[in-house]
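Student: Could you take a close look at one loop for me, and then follow the chain into what comes next?

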Amino acid sequence: MRSEDEGPDTGELLRLQDVRKVYGRTRNSVEALAGVTMGFQRHTFTAVMGPSGSGKSTFLHCAALLDRPTSGSVLLEGQDLTQMKERALTKLRRNRIGFVFQSFNLLPALNVVDNVTLPLKLAGKRPNRRLVDDVIERTGLTSRRKHRPGELSGGQQQRVAIARALVTQPALLFGDEPTGALDTQTALEILGLLRQAVDTGEQTAVVVTHDPVVASHADRVVFLVDGQVSAELDRPSVEQVAAQMTQLGAWARARRSAPSERVR
Ligand code: ADP
């Protein structure tokens, strides 16, 4: 954890440099990312939004190196990850990157503690009791330590997923619609935990969302259209995000009905 008087640790942690991703070959190929360049400062929270099919998932998968870009670079602390061998990349993902998904992805047979410590065990590390207790406490799960996912609410299950993502103390925390399956109040609590990880913990967060309320908690909102960054807003209000999404939705619809015209 950072102490308050250390001040903000600035500087770029992650950079996507002219990232392209093309699915398929020849005539049926789809350009899901069409040259995305974007930097992520340490200890910031970025929300990524855009109409369906705009490339958000592809962006997240490329940024988190779950999938390799067709061309371009993904730099973590200046190191080009696209050049790394698969084994080194797997290790790096385990140690430096945490994920939170919409569907929680917990193992139903394991209790909270065992779900949370699973990434450490998979990495061949012995869980540090104090660290595990701290993460479980921070996510408000202390009284649920021995419960299995089936005995928990959706919000509690997502807390477990966040604790599991934080237990390796990753530099980067990626979220794919992390509040998509939750009611508004629970979503706000989960958002609070993500925000806390960025504000007082070690993390830099990048979250894909379609929810303007979620995006309004971010330091920056990046909008994708047709695999390109079409707009960016710094610390926007819910209304500003919603207005931008409406504009992009209209733009995307216009594009679909008149694909040969440039509507931009
Ligand atoms: P979003 O998350 O914004 O809905 P995606 O990143 O899922 O967008 O998709 C972007 C584009 O790439 C879409 O046209 C989609 O159909 C296409 N696409 C995504 N994944 C694949 C795939 N595995 N094979 C072929 N096309 C894909």
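Tutor: A loop and the sheet beside it in sequence

Leu65 sits in the loop that runs between α1 (56–63) and β4 (71–76); helices (H or I, at least four residues) and strands (E, at least two) are DSSP runs, numbered from the N terminus. A word on the basis first: this is a predicted model, in which local features need pLDDT of at least 70, side-chain atom pairs count only at pLDDT 80 or more, and totals for chains, interfaces and linings use all residues. Residues are numbered from 1 along each chain as its sequence is written, and side-chain values use heavy atoms, with hydrogens and water left out.

Now to the backbone. Most residues other than glycine have a negative phi. Leu65, a residue other than glycine, has a positive phi, near 55°. Leu65 is also buried, at a relative accessible area of 2%, where buried means under 20% relative accessible area, exposed over 50%, and partly exposed in between (1.4 Å probe, protein chains only).

The loop ends at β4 (71–76), and β4 belongs to an open sheet of 4 strands with antiparallel pairing, in the order β2-β1-β4-β5. The edge strands are β2 (30–41) and β5 (79–80), each of which pairs on one side only. Two strands count as paired if DSSP finds at least two bridges between them; β4 and β5 pair in the antiparallel sense over 2 bridges. Within that region, Leu75 stands opposite Asp80 in β5.
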